[in-house]
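Thank you all for coming. Today I would like to walk slowly through one protein chain, going from single residues to the chain as a whole.

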Amino acid sequence: FETVPCLMEVKAILHLLQERATADDDICSLFPGEETETFGAPPQVDAYRDGEISTPTSSNAAVWISVACKDGQHLNDGTLLTEALDLIDAMDPKGTMVHGIGVNCIAINNGARI
């Protein structure tokens, strides 16, 4: 998930991941849509679809969240970045859903402050 501008979206993503993790869906059906067809699926996704690799549940699929920050400390909505990180840690303490966290859409001079 990229360019997440607010804490409410981070929370919604985490709730979706929790819901889908219990549904025993594979990574290919986690977020169906034309995006996969338009941009082409990564090779490992095709391998899952073809049964060459055992299909993971969403709880062990690599998902990352990249938040948009207006400065070195706040998301675009004004929420402290640390609050978003605390929420991710509280909702996914073992890191089984979110395997990475990033920052994008930030002025270069604010990047070093993160």
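Let me begin with Glu 83, which is partly exposed, because its relative accessible area is 41% and the range for that label runs between 20% and 50%. Please keep in mind that what you are looking at is a predicted model. Glu 83 belongs to helix 5, which covers residues 81–91, and on the surface Glu 83 gathers with Asp 77, Asp 86 and Asp 89 in a patch of negative charge.

Now stay with helix 5, since Ala 84 lies in that helix as well. Is Ala 84 buried or exposed? Ala 84 has a relative accessible area of 1%, and is therefore buried, as buried means under 20%. If we leave aside the neighbours of Ala 84 within four places in sequence, then Ala 84 is in contact with Leu 7 and Leu 75. You may also look for His 74, which is 10 residues from Ala 84 along the chain, with 9.3 Å between the two C-alpha atoms.

Let us move on to strand 1, which spans residues 63–68 and includes Val 63. Val 63 counts as buried, because its relative accessibility is 7%. Which residues does Val 63 contact, once its neighbours within four places in sequence are left aside? They are Phe 1, Leu 17, Met 97, Val 98, His 99 and Gly 100. Of these partners, Phe 1 deserves a moment of your attention, for Val 63 and Phe 1 are 62 residues apart in sequence, while their C-alpha atoms are 7.6 Å apart in space.

Ser 66 is also in strand 1, and with a relative accessibility of 9% Ser 66 counts as buried. Not counting residues up to four places away in sequence, Ser 66 touches Phe 1, Glu 2, Thr 3 and Val 4, and also Gly 102, Val 103 and Asn 104.

Finally, let us step back to the whole chain. How many helices and strands does the protein chain have? There are 6 helices and 2 strands, and, read from the N terminus on, the elements run α-α-α-α-β-α-β-α. Of the 114 residues in the chain, 32% are buried, and the accessible surface comes to about 7000 Å², with 53% of that surface belonging to carbon and sulfur atoms. Among the contacts with a separation of 6 or more, 70% are between residues 24 or more positions apart, and the pair of Val 63 and Phe 1, 62 residues apart in sequence, may help you to picture such a separation.

Note on methods
Residues numbered from 1 in each chain as written. Predicted model: local features only at pLDDT ≥ 70, side-chain atom pairs only at ≥ 80, totals over all residues. Heavy atoms only, no water. Patch = residues over 30% accessible without salt bridge, like charges linked within 9 Å, V, L, I, M, F, W, Y side chains within 5 Å. Areas by Shrake-Rupley, 256 points an atom, 1.4 Å probe, with all protein chains shown as cover. Salt bridge = Lys/Arg side-chain N within 4 Å of Asp/Glu carboxyl O. Lys, Arg positive; Asp, Glu negative; His and termini not counted. Charge placed at Lys NZ, Arg CZ, Asp CG, Glu CD. Helix = DSSP H or I, 4+ residues; strand = E, 2+ residues; numbered from the N terminus. Buried < 20%, exposed > 50% of the residue type's maximum accessible area, 1.4 Å probe, protein only. Contact = heavy atoms within 4.5 Å.
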